[in-house]
Amino acid sequence: MAVSYNKLWKMLIDKGMKRTELRDAVDMSTNSLAKLGKNDYISLEILDRICTYLQCDIGDIMEFVPPKKDDTSNTPSGRNEVHQ
């Protein structure tokens, strides 16, 4: 499954907050912010800090989406994963 943080970006727009303001508020590295921007996986600890700061649930800032056909770039191993 791929991950999408579009809900987070919408929430920031609604709150009139910039990405860099969120980064500073939750003590997140620029690398983690870049991963969010690319819809890459980030640590649960960072997601928890974001949710705590924004007073929301994890489902309010992210969602899992089916990957595009033949797209394995967002799987942790980078390989096709078969689930039975």
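**Note on the predicted chain**

1. Phe64 lies in strand E2. The model is a predicted one, in which local features need pLDDT of at least 70 and side-chain atom pairs count only at pLDDT 80 or more, while totals for chains, interfaces and linings use all residues. Residues are numbered from 1 along each chain as its sequence is written, and side-chain values use heavy atoms, leaving out hydrogens and water.

2. Start with the layout. The chain holds four helices and two strands (DSSP runs numbered from the N terminus: H or I of at least four residues for helices, E of at least two for strands). Read from the N terminus, the order is β-α-α-α-α-β.

3. Now the overall figures. The chain has 84 residues, and 32% of them count as buried (buried is under 20% relative accessible area, exposed over 50%, partly exposed in between, with a 1.4 Å probe and protein chains only). Its accessible surface is about 5,900 Å², by the Shrake-Rupley method with a 1.4 Å probe; for residues, only the protein chains shown count as cover. Carbon and sulfur atoms own 49% of that surface. Take the contacts (heavy atoms within 4.5 Å) with a separation of 6 or more: 64% of them join residues 24 or more positions apart.

4. Look at helix H3, which spans 30-37. Which of its residues are buried? They are Ser32, Leu33 and Leu36. Down the axis of H3, these fall within an arc of 100°, so they line one face of the helix (the arc is that of the directions from the helix axis to the C-beta atoms). The face turned away from the buried side carries Thr30 and Asn31, which are exposed. The cover over the buried residues of H3 includes H1 (6-15), H2 and H4.

5. Helix H4, residues 44-54, can be read in a similar manner. Its buried residues are Ile46, Leu47, Ile50, Cys51 and Leu54. They fall within an arc of 135° down the axis of H4, so they line one face of the helix. Facing away from the buried side of H4 are the exposed residues Leu44, Glu45 and Thr52. H1, H2 and H3 are among the elements that cover the buried residues of H4.

6. Check the backbone angles too. Asn39 follows H3, and its phi is positive, near 55°. Gln55 comes just after H4 and has a positive phi of about 55°. Gln55 is not a glycine. Its place is in the loop between H4 and E2. Is Gln55 buried or exposed? Gln55 counts as exposed because its relative accessibility is 74%.

7. Asp27 deserves a look as well. It is not a glycine, yet its phi is positive, about 55°. Asp27 sits in the loop between H2 (19-25) and H3. Its relative accessible area is 62%, so Asp27 is exposed.

8. Asp57 also belongs to a loop, the one between H4 and E2, where E2 covers 63-65. Why is Asp57 called partly exposed? Because its relative accessible area is 48%. Its C-alpha atom is 9.6 Å from that of Leu47, and the two residues are 10 residues apart along the chain.

9. Finish where the note began, with Phe64 of strand E2. Phe64 is exposed because its relative accessible area is 52%.
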